[in-house]
Amino acid sequence: MDNSDLIIHELICISCPMGCHLKIRQRERSWLVSGNRCPRGETYGIQEMTDPRRIITTTVRVRGGVRPVVSVKTSQPVPKAKVFEVIRELAQLEFNAPIQAGEVLFSNLLGLGADILATRSVEAQGKNQTESRAKTNAAFPVTNGIA
Ligand code: SF4
């Protein structure tokens, strides 16, 4: 068998803490994954070769909250090539407190199909502000760096 056109990739599966060492043999557009202890490893290996994606976790600014920022994550993996673009976009936004863990702060960011979810709650700074909070938690572009 001629292996001159066979390309071998090695990577670690990050789908669970086992961290299996995957070996992916590529011949043109076909892939053969080995080293995986479960089917998720094969799916992950092929996805990494064809369309690598990542869940993004970061923080965004909060307006009128007991904390200045809240931790967030994307609701689904986004293309790896778009990660820095998403982080840059999130750095331009701030959101009204109060914020509830699990709340969708922004839908379909950059048209990638992923929503931005709060991963913890942030209370508003005082009862009056809580009561006056708009129903829609609109995002405000930060233009001068001052909340
Ligand atoms: S191949 Fe399966 S067992 Fe191994 S790290 Fe990936 S998900 Fe975990």
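**Helix α1 and the ligand shell**

Student: Hi! Which residues of α1 are buried?

Tutor: In this predicted model, the buried residues in α1 are G41, Y44 and G45.

Student: How do they sit around the helix axis?

Tutor: Looking down the axis of α1, you find its buried residues within an arc of 100°, so they line one face of the helix.

Student: And what do those buried residues pack against?

Tutor: They pack against β1, β2 and β3, the last of these being residues 30-34.

Student: Which residues are exposed on the other side of α1?

Tutor: That would be P39 and T50.

Student: What span should the helix have, and how far apart are its ends?

Tutor: Helix α1 covers residues 39-50, which is 12 residues, and at 1.5 Å a residue it should span 16 Å. Its end C-alpha atoms are 17 Å apart, which agrees.

Student: Switching topic: which residues are around the ligand?

Tutor: Going along the chain, they are C13, S15, C16, M18, G19, C20, N36, R37, C38, R40 and G41.

Student: What's the mix by class in that shell?

Tutor: The shell has 5 nonpolar, 4 polar and 2 charged residues.

Student: Let's pick C16. Where is it?

Tutor: C16 is in the loop between β1 (7-12) and β2 (21-27).

Student: Is C16 buried or exposed, and why?

Tutor: C16 is exposed, because it has 12 other C-beta atoms within 10 Å, and a residue counts as exposed at 12 or fewer.

Student: What separates C16 from R40?

Tutor: Along the chain they are 24 residues apart, and their C-alpha atoms are separated by 9.1 Å.

Terms used. Residues numbered from 1 in each chain as written. Predicted model: local features only at pLDDT ≥ 70, side-chain atom pairs only at ≥ 80, totals over all residues. Near = placed C-beta within 6 Å. Nonpolar A, V, L, I, M, F, W, Y, C, P; charged D, E, K, R; others polar. Helix = DSSP H or I, 4+ residues; strand = E, 2+ residues; numbered from the N terminus. Buried ≥ 20, exposed ≤ 12 C-beta atoms within 10 Å, placed from the backbone. Expected span 1.5 Å × (residues − 1). Arc of directions from axis to C-beta. Contact = placed C-beta atoms within 7 Å.
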